[in-house]
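Work through the exercises below with the structure open beside you. Try each task before you read its solution.

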Amino acid sequence: MTKRNLLLLALLLAVACVLPFIVSDYRTFQLTLVLVYATALLGLNILTGYNGQISLGHGAFYALGAYCAAILMDQAGAPYWATVPAAGAVCLVAGFLFGLPALRLEGLYLALATFALGVAMPQLLKYDHLAKWTGGVQGIVIPKPEAPFGLPLNADQWLYFFTLAVTIVMFVLAWNLLRGRIGRALVAIRDQHIAAEAMGINSAIYKSAAFGVSAMYTGVAGALSAIAIQYVAPDSFGIFVSIVFLVGIVVGGLASISGALYGALFIQFVPNIADEISKAAPWAIFGIFMIGFVYLMPTGVAGATRLLLAKRRKSP
Amino acid sequence: MIEAAASQPLLRVQDVAVHFGGIVALDGVSFDVAPGQIVGLIGPNGAGKTTLFNCVSRLYECDRGEIDFDGRALLSVPRHRVAALGIGRTFQNLALFRTMSVLDNVMVGHHCRTRGGFFANALRLPHAVKSDRAAAEQARSLLALLELEAVAGTRVSELPFGTQKRVELARALAAEPKLLLLDEPASGLNHEEVGKLGELIRQVRERLRLTVLLVEHHMNLVMSISDWVVALNFGRRIAQGAPAEVREHPELVRAYLGTA
Ligand SMILES: Nc1ncnc2c1ncn2[C@@H]1O[C@H](COP(=O)(O)OP(=O)(O)O)[C@@H](O)[C@H]1O
Ligand SMILES: [Mg+2]
């Protein structure tokens, strides 16, 4: 990493730490959701952006993570912080297992299979025989965690910092993973899978593992969202969530770590802005924003930022 | 003893046959490649040369026959293990990782020589870091050898064809192969570049103690650098021998006149 990037990162972190003290609690809550989405999008980007496997059903892993957290707290009385790694582990296994049969599918066929997972999930969560744990249509209400160790933070601020810490850990791990041997192998499979195998990359293992890791990220995000919203219900995890995640990584920038953050800001705030512009047709406005972004920044916000920085470097 | 070991072929192709629907691409081809040699594999378009390469890299399944490499039956080895056994290759129509930089492409070539999975890399455990550094160092030395240092950070898709071909060669060498399969490395190169390529192939053979199996249409190039030449036509071996002999072989002359 260059010195300048390091400086930018430090600045970003400083801003992130100050924000909850200067904005309202409601805005702090929204920023917490941005962090949650950023983790989810990072997961989807590992799979779709880096490894080239399209998923139209990541909302299912988001739901699975959220329900894991909620059920562990509700049924087993687990502390909220412990449910995050547990949800990650469950989704890692679930994603890997889903990835194995998905190996036989490519492109649009994989998109369809993941779509099927995405549409089935809310109904599965309403399933009568699981209602004992899932709470059926009603869902599960979770208590709001307070700041520990007598920290001078209100609950919203504490949730924000808790989510920020998890997000940072997840981003650092992803950055490590993607800049090294594994990241190169994932991109190699996406770019030219035959040559990748001829170079000794076991693409079946890598693709299933990418599915697992991707699902783990999205599951962790789901758990964080359950904790932040203090409520899970089947209808908050419709297929729309999966589609919006895909929108997020494309608008933010495919195969880019920072793109996950840009995408998260987009999917959190643009619907609000659209709603303010037109109460009657907010999704039409959202659509216009989406087309505008993709048209003006065909490689996502991350790609455009990179180009801009490169240009500035050339003409000081 | 040493004599016997030295005369054992590094690659032994025996009675290999492949068909695609009604097309017989290989029809019982046999030949040996002795260690340390440059063996030219020639024949008109459609003769089955690339198909044979794809059998050796395990990209295609053979209908029958056997392929032994370094005393090991190759046809029971999964394709992602072939590189680690010591077989590297380039592709006739280029198969680079187009969004990646030159350096990253070459580093992927070294994949089979490094360890470290998802966990070790995510946590940047010492052995993963060390192995990544070694891969980068090795790649840089290959870039130097192939005069690619200036474009190390460039995306391969932005480079001219001839340069991309050298990147593919560097990527193949990064796997530290014993046997290097080159599929038409001179195609698309100009006259001067072809001359340099011949020199380069000979040079890497010496320096890295390689055995080379070379598919090429540039007769001058093949005949000048090969120790042995195998000629195919319609999936069959029609001649083999020292370059001077094969060049004059009536079957070969007929094959080329027939398709020219
Ligand atoms: N994947 C494939 N599917 C169908 N036919 C193929 C395939 N690969 C090669 N062939 C056919 O096999 C024959 C040999 O091709 P190839 O090995 O590419 O020849 P060469 O490399 O000597 O020009 C040709 O008739 C070609 O059309
Ligand atoms: Mg060919």
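**Exercise 1. A residue at the metal**

Is Thr50(B) buried, partly exposed or exposed?

*Solution.* Keep in mind that this is a predicted model.
Step 1: take the relative accessibility of Thr50(B), which is 25%.
Step 2: compare with the cut-offs: buried means under 20%, and exposed means over 50%.
Step 3: the value for Thr50(B) is 25%, so Thr50(B) counts as partly exposed.

**Exercise 2. The magnesium ion**

Find the protein donors of the magnesium ion (ligand 2) and say where they sit in the chain.

*Solution.*
Step 1: the protein donors are OG1 of Thr50(B) and OE1 of Gln92(B). They lie 2.0 to 2.1 Å from the ion.
Step 2: Thr50(B) is in helix 2 of chain B. Gln92(B) is in the loop between strand 6 (87-89) and helix 4 (102-109) of chain B. The pair links distant parts of the chain, 42 residues apart.
Step 3: Gln92(B) has a relative accessible area of 25% and is partly exposed.
Step 4: look at the helix around Thr50(B). Helix 2 of chain B covers residues 49-56, and seven of its eight residues are buried. Among them are Lys49(B), Thr51(B) and Leu52(B).
Step 5: go past the helix end. Arg58(B) follows helix 2 of chain B and has a positive phi, near 65°.

**Exercise 3. Two aromatic pairs**

Classify the ring pair Phe240(A) and Trp283(A), then the pair Phe266(A) and Phe293(A).

*Solution.*
Step 1: start with the total. The structure holds 17 aromatic pairs over all chains.
Step 2: the ring centres of Phe240(A) and Trp283(A) are 5.0 Å apart, and the planes meet at 80°. Planes over 60 degrees apart count as edge-to-face. So this pair is edge-to-face.
Step 3: place the two rings. Phe240(A) is in helix 11 of chain A and Trp283(A) is in helix 13 of chain A, so the pair ties together parts 43 residues apart in sequence.
Step 4: check exposure. Phe240(A) is partly exposed at 47%, and Trp283(A) is partly exposed at 47%.
Step 5: turn to Phe266(A) and Phe293(A). Their centres are 4.8 Å apart and their planes are at 70°, so this pair is edge-to-face.
Step 6: Phe266(A) is in helix 12 of chain A, and Phe293(A) is in helix 13 of chain A, 27 residues apart. Phe266(A) is buried at 3%, whereas Phe293(A) is partly exposed at 26%.

**Exercise 4. Where the chains meet**

How many residues of chain B are in contact with chain A, and what area is buried?

*Solution.*
Step 1: count contacts. 29 residues of chain B are in contact with 28 residues of chain A.
Step 2: the area buried between the chains is about 2600 Å². Carbon and sulfur atoms give 64% of this area.
Step 3: on the chain B side, His80(B), His111(B) and Phe118(B) lose the most area to chain A. Together they make up 29% of what that side buries.
Step 4: look for charge pairs. Two salt bridges cross the interface. Glu197(A) forms a salt bridge with Arg79(B), with the closest N and O atoms 3.1 Å apart.

**Exercise 5. Salt bridges in chain B**

Which parts of chain B do the salt bridges of Arg64(B) and Asp27(B) link?

*Solution.*
Step 1: note the total. The whole structure has 15 salt bridges over all chains.
Step 2: Arg64(B) meets Asp15(B) at 3.1 Å, N to O. Arg64(B) is in strand 4 of chain B, and Asp15(B) is in strand 1 of chain B, 49 residues apart.
Step 3: Arg64(B) is partly exposed at 39%. Asp15(B) is partly exposed at 34%.
Step 4: Asp27(B) meets Arg236(B) at 2.8 Å, N to O. Asp27(B) is in strand 2 of chain B and Arg236(B) is in strand 10 of chain B, so the pair ties together parts 209 residues apart in sequence.
Step 5: Asp27(B) is partly exposed at 25%, and Arg236(B) is partly exposed at 48%.

Technical notes: Residues numbered from 1 in each chain as written. Chains lettered and ligands numbered in written order. Predicted model: local features only at pLDDT ≥ 70, side-chain atom pairs only at ≥ 80, totals over all residues. Heavy atoms only, no water. Buried < 20%, exposed > 50% of the residue type's maximum accessible area, 1.4 Å probe, protein only. Helix = DSSP H or I, 4+ residues; strand = E, 2+ residues; numbered from the N terminus. Phe/Tyr/Trp six-rings, centres within 6.5 Å; stacked < 30°, edge-to-face > 60°. Donors = N, O, S within 2.8 Å, 3.2 Å for Na, K, Ca; no water. Contact = heavy atoms within 4.5 Å. Buried area = accessible area lost by both parts, 1.4 Å probe. Salt bridge = Lys/Arg side-chain N within 4 Å of Asp/Glu carboxyl O.
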